[in-house]
Amino acid sequence: MTHELTPLPLPVAAPRADLSLAQDCSNCYQWGTVVTAAGHHTLCLVCQRPTAGTCRPVPAR
Ligand SMILES: [Zn+2]
């Protein structure tokens, strides 16, 4: 019996992760997100800092 990796469905409501921050993260394996025990995608707390609101526009400098 082989164990095939099932492709992850497109995360509809998954939080946006900054993959550049997840480059060296072994907690989320560079995904930037982790799946909780409840099956929800959440930002990796190791590499993704919990920012207050991801919709906040980046101030142009
Ligand atoms: Zn991570």
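Buried residues, defined as those under 20% relative accessible area (exposed being over 50% and partly exposed in between, with a 1.4 Å probe and protein chains only), make up 15% of the 61 residues in the protein. The model is a predicted one, in which local features need pLDDT of at least 70 and side-chain atom pairs count only at pLDDT 80 or more, whereas totals for chains, interfaces and linings use all residues. Residues are numbered from 1 along each chain as its sequence is written, and side-chain values use heavy atoms, with hydrogens and water left out.

The accessible surface of the protein is about 5800 Å², and carbon and sulfur atoms contribute 59% of this area; accessible areas come from the Shrake-Rupley method with a 1.4 Å probe, and for residues only the protein chains shown count as cover. The protein contains two strands and zero helices, these being DSSP runs numbered from the N terminus (helices, H or I, at least four residues; strands, E, at least two). Of the contacts (heavy atoms within 4.5 Å) with a separation of 6 or more, 24% join residues 24 or more positions apart.

A zinc ion is bound by the SG atoms of C25, C28, C44 and C47, which lie 2.3 Å from the metal. Donors are N, O and S atoms within 2.8 Å of the metal (3.2 Å for Na, K and Ca); water is not among the atoms, so sites may look incomplete. The donor residues follow the spacing C-x2-C-x15-C-x2-C in sequence. Within this set, C28 in the segment before β1 (33-35) and C47 in the segment after β2 (41-43) link distant parts of the chain, 19 residues apart. Both C28 and C47 are buried. The angles among the four donor atoms are 104 to 114°, and the site is tetrahedral, a class that requires four donors with all angles between 85 and 135 degrees. Ideal angles for four tetrahedral donors are 109.5 degrees.

The largest nonpolar core comprises five residues, A22, C25, C28, C44 and C47; such a core is a set of buried Ala, Val, Leu, Ile, Met, Phe, Trp, Tyr and Cys residues joined through side-chain atoms within 4.5 Å. Leaving aside residues up to four places away in sequence, C44 touches C25, N27, C28, G32, T33 and V34. T33 lies in strand β1 and counts as buried at 15% relative accessibility. With the exclusion of residues up to four places away in sequence, T33 touches P15, A17, C28, H41, T42, L43 and C44. Y29, in the segment before β1, is exposed, with a relative accessible area of 64%.

Note on methods. Four donors count as tetrahedral if all angles lie between 85 and 135 degrees; four count as square planar and six as octahedral if opposite donors are over 155 degrees apart and all others between 65 and 115; anything else is irregular.
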